[in-house]
Amino acid sequence: MVNILSKIFKINSIQVIGIFQDTYNEKYTLLIFKKTKGKLDIKENKVFSKMDSLIEVMDFKLPVILAIDGKGVLNKKIDDTNDVDLAWQKNIDFNAIYHTSYTLKSKTFMSFCRKNVVEDWFFFFESKKIQIIDAYVGSFLSILLAENLNTDSIVSGNLNLKLKENELVDFAKLEVTPNLNYTITENSVSNFTLPLYGIAVHYFVQNESVSKSKWNNKSIEEVVYRKAFSVFGLIMLIGFLIALLISYLSIQYYAAKNGELNMQNIYSNKTYQQIVSLEKQKKDKEKIIKDSGFLSEKFLSFYAYEICKSIPNSISLDELDCAPLQKIVKHNEKVEVTPGTILVKGKTIDEDEFNNWLRSLKKFDWIAKFELESLKKTRKTIRNLV
């Protein structure tokens, strides 16, 4: 899993801490490297005489590579054609030492120290909550910068590296270490900073000529997981903020829409109430018209005319009332009529003609039924009919 994540979340920025101790002085160098598009740049280059001063300015978020040199570190040239060197190499207990080697053709240049020297520094930085992802020993890796320097001799730490056609052929330890500066691309580095630059180059671009003791700790995994967690956390945070922004904008949008709909709803309710009121008025008016008989197929005058035309000469009408009142209307009372009803009042002197007239009324198809409510006789044989 860590191999997959390390390919996705690459470490592009590192801190290289150079620790150089000898009999006379201590020198602690801090270099911060950043790799961008195949170019390695030094973002910070500081030198300290005390470790506490170095700890104060370190970036605890960036992984650290140790570069140990000076006291306790031995340097050896091993010639594969020399039996003595081969015998010496075979007798080395690599489990008891920590080494960094540079091999070119038949020669190997090895820097090594006791394993506890590296472990002591590891435990020290671990106690300061600083993550160490790797460690190198010695100054031979300055040779990786030979093509940039293009010189026959390089002072790397307290070693004088002898080159021939940019290839390391020999070295010598200097009794007095000078302070020299070299220019690599646009960076100016000292002879103590030079091997740290070579270490950074090897870390980002693995060189097959370099071999070293394996760094058996899980710091690199922690760095990868922490970076993956940071990236995923940042993505989730950005996603959450975007979702929150979308939610806020949506709330504002739908709140405005809801306000518009509420206003429309208010107006719709008012309109609806008006419609209901108008419908009620319409029904009331239709009922009045219906009750008055104006909704019938023919006008009321037609019915009155037909009745009057059918009355014989012996019958005189006193009253013909279409849709008569149901009762006498008093002040502020509702007028109620009897729709579809015609009330006829009159007098007759011929009972036979009266009966014939009643029989003739039955022939009108628009009369559903008729009733004789009252019949009164007078002494003069004049009948009042209703």
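This tour proceeds through one sheet, the helix that lies across it, and a set of salt bridges in a predicted model.

**The sheet**

Begin by selecting strands 5, 7, 6 and 14, which in that order make up an open sheet of 4 strands with antiparallel pairing. Colour strand 5 (74-79) and strand 14 (210-212) separately: these stand at the edges, and each has a single partner strand, so one side of each lacks a neighbour in the sheet. Viewed along the sheet, the twist from one strand to the next averages 20°.

Next, restrict the selection to strand 6 (residues 97-104) and strand 14. The two run antiparallel and are joined by 3 bridges. To locate a facing pair, display Tyr102 and Val210; Tyr102 stands opposite Val210, which belongs to strand 14.

**The helix across the strands**

Add helix 3 (residues 83-90) to the view. Helix 3 lies across strand 5 and strand 7 (107-114), and its direction makes an angle of about 125° with strand 5.

**The salt bridges**

Now show the charged side chains; the structure contains 7 salt bridges. Three of them are visited here, starting from the edge strand already on display.

Select Lys212 and Asp134. Their side chains meet in a salt bridge, with 2.7 Å from N to O. Which parts of the chain does this pair link? Lys212 lies in strand 14 and Asp134 in strand 8 (residues 132-137), so that distant parts of the chain, 78 residues apart, are linked. Both Lys212 and Asp134 are buried.

Move to Lys39 and Asp41. Here the closest N and O atoms of the salt bridge are 4.0 Å apart. Is each partner buried or exposed? Asp41 has a relative accessible area of 18% and is therefore buried, the cut-off being under 20%. Lys39, at 40% relative accessibility, counts as partly exposed.

Finish at helix 8 (residues 300-310) by selecting Glu306 and Lys309. These two residues form a salt bridge whose closest N and O atoms are 3.8 Å apart. Because Lys309 and Glu306 are 3 residues apart in helix 8, about one helical turn separates them. A surface display brings out the contrast between the partners: Lys309 counts as exposed at 52% relative accessibility, whereas Glu306 is buried, with a relative accessible area of 14%.

Terms used. Residues numbered from 1 in each chain as written. Predicted model: local features only at pLDDT ≥ 70, side-chain atom pairs only at ≥ 80, totals over all residues. Heavy atoms only, no water. Pairing = 2+ DSSP bridges. Axes fitted to C-alpha atoms, helices over the stretch in contact; angles between N-to-C directions. Contact = heavy atoms within 4.5 Å. Buried < 20%, exposed > 50% of the residue type's maximum accessible area, 1.4 Å probe, protein only.
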